[in-house]
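Trainee: Please take a close look at the ligand site, and then at the enclosed empty space in the protein. I would like one connected account.

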Amino acid sequence: MKQSIQFPDGRQVLNLGQGTWRLGEDAAKYDQEVAALRSGIESGLTLIDTAEMYGDGKSEELVGDAIAAYQREDLFIVSKVYPHHAGRSAIFDACEQTLQRLGIDSLDLYLLHWRGSVPLQETVDCFEELKQQGKIKGWGVSNFDLEDMEELLSVNGGDQCQTNQVLYHLASRGTEVALQDYLKERNIPMMAYCPVIGQEPQLKERVYNDQTVQAIAKAHGISIIQLLLAFVLQKENIIAIPKASTEKHVQLNADMLTMQLTEEEIKKLDAAFPVPDHRVPLSVQ
Ligand SMILES: NC(=O)c1ccc[n+]([C@@H]2O[C@H](COP(=O)([O-])OP(=O)(O)OC[C@H]3O[C@@H](n4cnc5c(N)ncnc54)[C@H](OP(=O)(O)O)[C@@H]3O)[C@@H](O)[C@H]2O)c1
């Protein structure tokens, strides 16, 4: 279901974007992947998530090619810095290289990919300097559990965090125990990665074999992947960033912006794949 999501700084995005992990790594698929991203942009999926880590910069280069034909202000480009680059000695250079590969002057959001050994205060100070320099419009984090968020928001300037990108899908709902509420109370949107269970084949198989899931997908005439996406898109305060490397998949995903699951269906999905009844460690990929 289509929703507009607002960041703490007031900027708004659609609740469906495009992931890019593994895109750009296979030269034979390059043109197809560029076409897939462009078809997503044409359908309004203008938030694109990448990282310096993905294919050692190849994903950022591919995104750069895909977006070159569009007006910069019509796009929302997110990239991530390695934890070992997230200190004063490396972050400014890392950001510059990311911008060069993307062929743009400024990132819409720059995320700390996961927590490393650089003190959070140092990373936040650097992010804020990058903002002052006009290299980034905002910043956020990724793979931060509740305690990490609490610590982040306690450092000077930590309240400028715009998002926390974490793993979230129907069969991995640990963030619903405490983290999602914490973020919602502070109006910080969560970005859901692996929303269609791209990295956990066994879990995906369990979902595929589930009769409730099968029946609901069948009732709507959609695939199970589409149902997984529709489930995440119906949540409040969440931006889903599925990765799709063909135009067909991108369009099937974009179609879920008009899909609405009934309360009854959501209840059945909740019963089949419940939220844990206690805190569990954050799942990461
Ligand atoms: N911050 C982090 O640490 C972190 C970690 C993991 C991911 N991420 C981000 O989140 C994005 C999404 O996660 P992910 O790529 O790991 O997993 P995902 O989006 O859950 O799943 C991707 C897989 O789903 C397939 N797919 C997508 N739409 C489909 C459709 N309509 N029909 C059939 N298959 C479909 C893709 O196939 P095709 O490629 O063949 O279309 C691909 O194999 C990443 O690309 C990345 O940008 C961030």
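Mentor: A polar contact here is a pair of N or O atoms within 3.5 Å. Keep that cut-off in mind, and remember that the model is predicted.

Start with Pro195. A backbone N or O atom of this residue lies 3.4 Å from an oxygen atom of the ligand, so the pair falls within the 3.5 Å limit and counts as a polar contact. Two side chains also supply such pairs. In Gln199, a side-chain N or O atom is 2.6 Å from a ligand oxygen. In Lys243, a side-chain N or O atom is 2.8 Å from an oxygen atom of the ligand. On its own, the ligand has 900 Å² of accessible area, and the protein covers 88% of it.

Now the shell. There are 26 residues around the ligand. Those that come nearest are Asp49, Ser142, Gln199, Ser245 and His249. Gln199 thus appears both in this group and in the 2.6 Å pair. By residue class, the shell holds twelve nonpolar, eleven polar and three charged residues. Helix α10, residues 247-254, gives the largest share, with three residues. As for the space itself, the ligand takes up the largest pocket.

Next, the enclosed voids. A probe the size of a water molecule, rolled over the atoms, shows where empty space is left. The count is four cavities of 30 Å³ or more.

The largest cavity holds about 70 Å³ of space. One stretch of its lining is Gly174, Thr175, Val177, Ala178 and Leu179. Another is Arg279, Val280, Pro281 and Leu282. Asp145 and Leu146 complete the list. Seven of these lining residues are nonpolar, two are polar and two are charged.

The second largest cavity has a volume of about 50 Å³. Lys243 is one of its lining residues, and the side chain of Lys243 also makes the 2.8 Å pair with the ligand. Pro242 and Ala244 line this cavity too. So do Gly17, Gln18, Gly19, Leu45, Val250 and Asn253. Strand β3 (18-19) and helix α10 each supply at least two residues of this lining. Helix α10 therefore turns up in both places, because its residues 247-254 also give the ligand shell its largest share. The lining of the second largest cavity divides into four nonpolar, four polar and one charged.

Technical notes:
Residues numbered from 1 in each chain as written. Predicted model: local features only at pLDDT ≥ 70, side-chain atom pairs only at ≥ 80, totals over all residues. Heavy atoms only, no water. Near = heavy atom within 4 Å. Polar contact = N/O pair within 3.5 Å; in protein donor to acceptor, adjacent residues only side chain to side chain. Areas by Shrake-Rupley, 256 points an atom, 1.4 Å probe, with all protein chains shown as cover. 1 Å grid on protein atoms, 1.4 Å probe; cavity = no way out; pocket = protein on both sides within 12 Å on 5 of 7 lines; lining within 4 Å. Sits in = over half its atoms within 2 Å of the grid points. Helix = DSSP H or I, 4+ residues; strand = E, 2+ residues; numbered from the N terminus. Nonpolar A, V, L, I, M, F, W, Y, C, P; charged D, E, K, R; others polar. Points joined across faces, edges and corners; volume = space filled by probe spheres on them.
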